[in-house]
Amino acid sequence: LPISIKDLAFYNTVEGNYIGTDVTGAKALANIFGGVIIGASTSNSVPAGGNTIGGSVPGSGNVISGNSSDGVKISGTSGGPNNSGVCQGSVVQGNFIGTDSTGTLSIPNQGNGVSFGTMASANLVGGNQPGQGNLIANNTGNGVLIDPGAVFGCESVANNTIEIGRAHV
């Protein structure tokens, strides 16, 4: 099963994992619903927020590859644990999404590398500091998809390497 962070789940960190691959990060072992899912279980639930997937410190990035859907799917943004109204998006940094653990072999997700749904807002993919960028490559969908019907917009995608066209192994 994928990593699922939903419904009032705040400030969680997912780092140093192989999600959708074997323990070597070299062979796909697909999760059916995707790799990492952040949001709400129903339209009436308060979505998760303030979560970090990966990180800029060496070893904190995840391998998120070989899944049967999107590598990372963020479907909502929270107003905070006390519904303060301040958007609390999530951060996706320093990950290999659609590749092996070395970043050289293709292990595509069967969807987008990173996908933001209609209720996603204030999320960050990558960043301006060393180690914050993700390698997003080889996925069968988009590298990063921001739903054109997003309610708030405000997504930030910065300093990632997004590639297509590597040979699938």
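**View 1. Contacts across the whole chain.** Among contacts (heavy atoms within 4.5 Å) between residues at least 6 apart in sequence, 81% join residues at least 24 apart. The model is a predicted one, in which local features need pLDDT of at least 70 and side-chain atom pairs count only at pLDDT 80 or more, while totals for chains, interfaces and linings use all residues. Residues are numbered from 1 along each chain as its sequence is written, and side-chain values use heavy atoms, with hydrogens and water left out. The chain has zero helices and 15 strands, where helices (H or I, at least four residues) and strands (E, at least two) are DSSP runs numbered from the N terminus.

**View 2. Asn109 and its surroundings.** Asn109 is found in the loop that runs between β9 (96–97) and β10 (114–116), and with a relative accessible area of 0% this residue is buried (under 20% relative accessible area, 1.4 Å probe, protein chains only). The side chains of Asn109 and Asn67 are joined by a polar contact of 3.0 Å, that is, a pair of N or O atoms within 3.5 Å, of which, within protein, one must be able to donate a hydrogen and the other to accept it, and residues adjacent in sequence count only if both atoms are side-chain atoms. A polar atom of the Asn109 side chain also lies 3.4 Å from the backbone nitrogen of Gly66. Leaving aside neighbours within four places in sequence, the residues in contact with Asn109 include Ile64, Ser69, Asp70, Ile97 and Asn139.

**View 3. Val157 in its strand.** Val157 belongs to strand β14 (residues 156–158), and has a relative accessible area of 37%, which makes Val157 partly exposed (between the 20% limit for buried and the 50% limit for exposed).
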